Amino acid sequence: MWNFPLFPDQASISARQVDALYFFELCMAAFFTILIFILIVSFAVRYRRGTQVDRSHPPVVSRWMEVIWIGVPLFLGLTMFTWGAILYVRDYEPPPGALEVYVVGKQWMWYVQHAEGRAEINELHVPLGQAIKLTMTSQDVIHSFYIPAFRVKQDVVPGRYTSLWFAPMKVGRYHLFCAEYCGTNHSGMVGWVSVMEPVEFQQWLSQAGTGPSVAEQGERLFVQYHCAGCHQGSQIVHAPRLEGVYGRPVPIQQGNEVHFTLADERYLRDSVLEPKREVVAGYQPLMPSFKDQISEQDLLKIIAYIKSIGAKEATR
Ligand code: HEC
Ligand SMILES: [Cu+2]
């Protein structure tokens with residue numbers, strides 16, 4: 001059977017928007033390619049050696065032609081830029097209230113952790129019609145998380161968090177790839193994204209054997225790594241309470257100056273791995289670094305826990 005799809009499914013909202021821009025650019029490239037090709041061929045034929053055509057008084061100045069060849073490409077170029085920039089900004093700025101999923105890439109698999117506790121490998125289950133935000137990092141080298149049917153791709157980089165969001169709008173199973181050469185089995189670093197009806201997704205999430213939520217697992221790790229010893233009212237070490245810190249500006253001491261930085265995932269992560277770099281104003285730099293002692297998976301859970309106690313505080 002003749003089955004040679006040039007395009008993957010359009011399974012997310014941004015897929016349509018990206019394709020529209022893509023087709024616009026494709027049509028434009030085709031139009032100019034054909035136009036220039038026809039002009040070259042016809043001039044070559046018309047003015048080839050030996051033809052009887054009028055070669056006297058070639059036009060040297062043509063105001064309207066200059067206006068056209070400057071104006072039209074300028075307009076088209078700016079259209080592509082503006083259109084592309086709008087899509088880019090929209091594609092890389094997750095909307096508030098998106099469902100959070102954590103992803104760790106490692107040679108050679110994708111580890112996926114849902115906030116409710118369920119984890120999976122080389123599979124990602126998501127509900128239809130809801131914005132999903134992935135917070136991603138890598139345990140070793142640079143990977144790239146790529147879902148062609150959603151037209152989204154984002155590098156997954158060791159030592160920092162990157163995020164990606166999409167809103168699936170078609171139930172089905174779609175390919176998931178690593179799109180950055182990451183070693184011998186890079187080509188095997190593939191998986192599936194399953195888009196489910198919201199009700200089915202809820203059932204899937206709460207299936208037996210799921211265990212505690214990520215924040216609850218993080219709370220346990222918070223005790224296990226002795227964070228709680230300092231951060232929950234220690235008599236020995238004066239350490240800040242972490243309730244509600246997420247999403248707030250934190251005063252950071254730098255020399256004699258204090259500046260504010262937003263306590264986002266990046267900040268929380270750096271606070272644990274490189275605590276000396278940003279020291280909260282009013283505190284001594286007594287926190288030990290947890291670099292190389294805490295896995296990316298555990299760190300994500302601890303951060304989820306810190307975020308969750310922020311939420312509790314806010315609703316009070
Ligand atoms: C020996 C005591 C100690 C331990 C153990 C400790 N911390 Fe800290 N932590 C501190 C102190 C003191 C500060 C404030 C100074 C600074 O910013 O480094 C701090 C700051 C922080 C901050 C920034 C807080 C803010 O208000 O901006 C975070 C987040 C944090 N710690 C998380 C953790 C986590 C997670 C662990 C466990 C993996 C941990 N800490 C273990 C003492 C500790
Ligand atoms: Cu990879």
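This is a short talk on two pockets and one ligand in a predicted model.

I will start with the largest pocket. The space inside it comes to about 690 Å³. Its lining is made of 36 residues, and those closest to the centre are His 231, Pro 240, Leu 242, Val 280 and Met 287. If you want to find the lining on the structure, look for α5 (227-231), β11 (249-254), α6 (265-273), β13 (279-280) and α7 (296-315), which each give two or more residues to it. Which element gives the largest share? That is α6, with four residues of the lining. By class, the lining of this pocket has 27 nonpolar residues, five polar ones and four charged ones.

Now the ligand. Where does ligand 1 sit? Ligand 1 is in the largest pocket. Two or more residues of the shell around ligand 1 come from each of α5, α6 and β13. The largest share of that shell, four residues, is again from α6. The shell has 27 residues, and the ones that come nearest to ligand 1 are Cys 227, Cys 230, His 231, Tyr 267 and Met 287. Sorted by class, the shell holds 21 nonpolar, five polar and one charged residues.

Three distances to ligand 1 are worth writing down. For His 231, an N or O atom of the side chain is 2.7 Å from a nitrogen atom of the ligand. For Tyr 267, a polar atom of the side chain is 2.5 Å from an oxygen atom of the ligand. For Pro 275, the atom concerned is a backbone N or O, and it lies 3.5 Å from an oxygen atom of ligand 1. Note that His 231 has come up twice: it is among the residues closest to the centre of the largest pocket, and it is also among those nearest to the ligand. Met 287 is on both lists too.

Last, the second largest pocket. Its volume is about 360 Å³. Which elements supply at least two residues each to its lining? They are α1 (13-46) and α2 (63-92). The largest share, seven residues, comes from α2. The lining residues include Met 28, Phe 32, Leu 35, Leu 39 and Phe 43. Further along the chain, Met 65, Ile 68, Trp 69, Val 72, Pro 73, Leu 76 and Gly 77 also line this pocket. How many of the lining residues are charged? There are no charged residues in this lining, which has 11 nonpolar residues and one polar residue.

That is the end of the talk.

How values were computed
Residues are numbered from 1 along each chain as its sequence is written. Chains are lettered from A and ligands numbered from 1 in the order in which they are written. This is a predicted model: local features need pLDDT of at least 70, side-chain atom pairs count only at pLDDT 80 or more; totals for chains, interfaces and linings use all residues. Side-chain values use heavy atoms; hydrogens and water are left out. On a 1 Å grid over the protein atoms alone, a cavity is a set of points where a 1.4 Å probe fits but cannot get out, and a pocket is an open set with protein on both sides within 12 Å along at least five of seven lines; lining residues have an atom within 4 Å of a point. Grid points are joined across faces, edges and corners, and a volume is the space filled by probe spheres set on the points. Ala, Val, Leu, Ile, Met, Phe, Trp, Tyr, Cys and Pro count as nonpolar, Asp, Glu, Lys and Arg as charged, and the others, Gly among them, as polar. A residue is near a molecule or strand if one of its heavy atoms lies within 4 Å of it. A polar contact is a pair of N or O atoms within 3.5 Å; within protein, one must be able to donate a hydrogen and the other to accept it, and residues adjacent in sequence count only if both atoms are side-chain atoms. A molecule sits in a cavity or pocket if more than half of its atoms lie within 2 Å of its grid points.
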